[in-house]
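Please open the model in a viewer and keep the selection panel at hand. The stops below proceed from one selection to the next.

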Amino acid sequence: MPRAQLSLSVVEAAIGVVLVVGIAAGFTVGVADHPSAEPRLDALARDTATVLGSEPTPNGRDSRLVALARSPESFERARPDTRERIVDLLPADVAFRVHTPHGTLGYPRPPRATAESTTVPTRHGSVTVWVWYG
């Protein structure tokens, strides 16, 4: 009975093809898509507005959002504490800007930055919180 035998170079070529195809498949299938920054920024904007809307000012009369929107005098009183609170809430690499009927606080928004916002109506006007990676 004759015995079949593969040449060593054919076996080496087959192992090489399997190795190359395996590595190529690992790069195409195993690499996850880069997560988008927008959903996280959107959540940060909403969470910041929620906290500002539920926490009272240091004098305990109104929420921080209502104090910012109530009057120009109230905005000036609430601005420093609210700014510090937002800095504490957001990660260090996230910048913010808050628009109220009586002024803004935070950083100027870069025109090309990807930013997300949320607007909260109050009885004195709307307050918008913008966040972006800065």
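A residue is called buried when its relative accessible area is under 20%, exposed when that area is over 50%, and partly exposed in between, with a 1.4 Å probe and protein chains only. Helices (H or I, at least four residues) and strands (E, at least two) are DSSP runs, numbered from the N terminus. The model is a predicted one, in which local features need pLDDT of at least 70 and side-chain atom pairs count only at pLDDT 80 or more, while totals for chains, interfaces and linings use all residues. Residues are numbered from 1 along each chain as its sequence is written, and side-chain values use heavy atoms, with hydrogens and water left out.

**First stop: helix α1**

Select residues 8–30, which form helix α1. How many residues of α1 are buried? The number is 0 of 23, so the helix lies largely in the open. From its first C-alpha to its last, α1 reaches 32 Å, close to the 33 Å expected at 1.5 Å a residue; the expected span is 1.5 Å times one less than the number of residues. Within this helix, pick alanine 14, which is partly exposed at 42% relative accessibility. Then add alanine 92: the two C-alpha atoms are separated by 52 Å, with these positions 78 residues apart along the chain.

**Second stop: helix α2**

Move to residues 38–54, helix α2. This helix has 17 residues and spans 24 Å from first to last C-alpha, close to the expected 24 Å. Colour Leu41, Leu44, Ala45, Thr48, Ala49 and Leu52, which are buried. Viewed down the helix axis, the buried residues of α2 fall within an arc of 125°, so they line one face; the arc is taken from the directions from the helix axis to the C-beta atoms. An α-helix has 3.6 residues a turn, so residues three or four places apart point the same way. On the other side of α2, Pro39, Thr50 and Ser54 are exposed. To see what covers the buried residues, display α3, α4, β1 (94–100), β3 (115–122) and β4 (125–133), which are included in that cover.

One piece of the cover can be examined from strand β3, where threonine 118 is found. Threonine 118 is buried, with a relative accessible area of 17%. Leaving out residues up to four places away in sequence, threonine 118 touches Ala45, Arg46, Ala49, Val127, Thr128 and Val129, where contact means heavy atoms within 4.5 Å.

**Third stop: the salt bridges**

Now show the charged side chains. A salt bridge is a side-chain nitrogen of Lys or Arg within 4 Å of a carboxyl oxygen of Asp or Glu, and by this rule the count comes to 6. Select arginine 85 and glutamate 55, whose closest N and O atoms are 2.7 Å apart in a salt bridge. This pair links distant parts of the chain, 30 residues apart: arginine 85 belongs to helix α4 (residues 72–89), and glutamate 55 to the loop between α2 and α3 (64–70). Arginine 85 is partly exposed at 24%, whereas glutamate 55 is buried at 18%. Glutamate 55 also forms a salt bridge with arginine 64, at 3.2 Å between the closest N and O atoms.

Next, select arginine 70 and aspartate 62, which meet in a salt bridge of 2.3 Å, N to O. Shared partners join Glu55, Arg64 and Arg85 into one network of salt bridges.

**Last stop: arginine 97**

Finish in strand β1, at arginine 97. Which side chain of opposite charge is nearest to arginine 97? Glutamate 76 is, at 12 Å; arginine 97 is buried yet has no salt bridge. Here Lys and Arg count as positive and Asp and Glu as negative, with His and the chain ends not counted. Display the contacts of arginine 97 beyond four places in sequence, among them Tyr107, Trp130 and Trp132.
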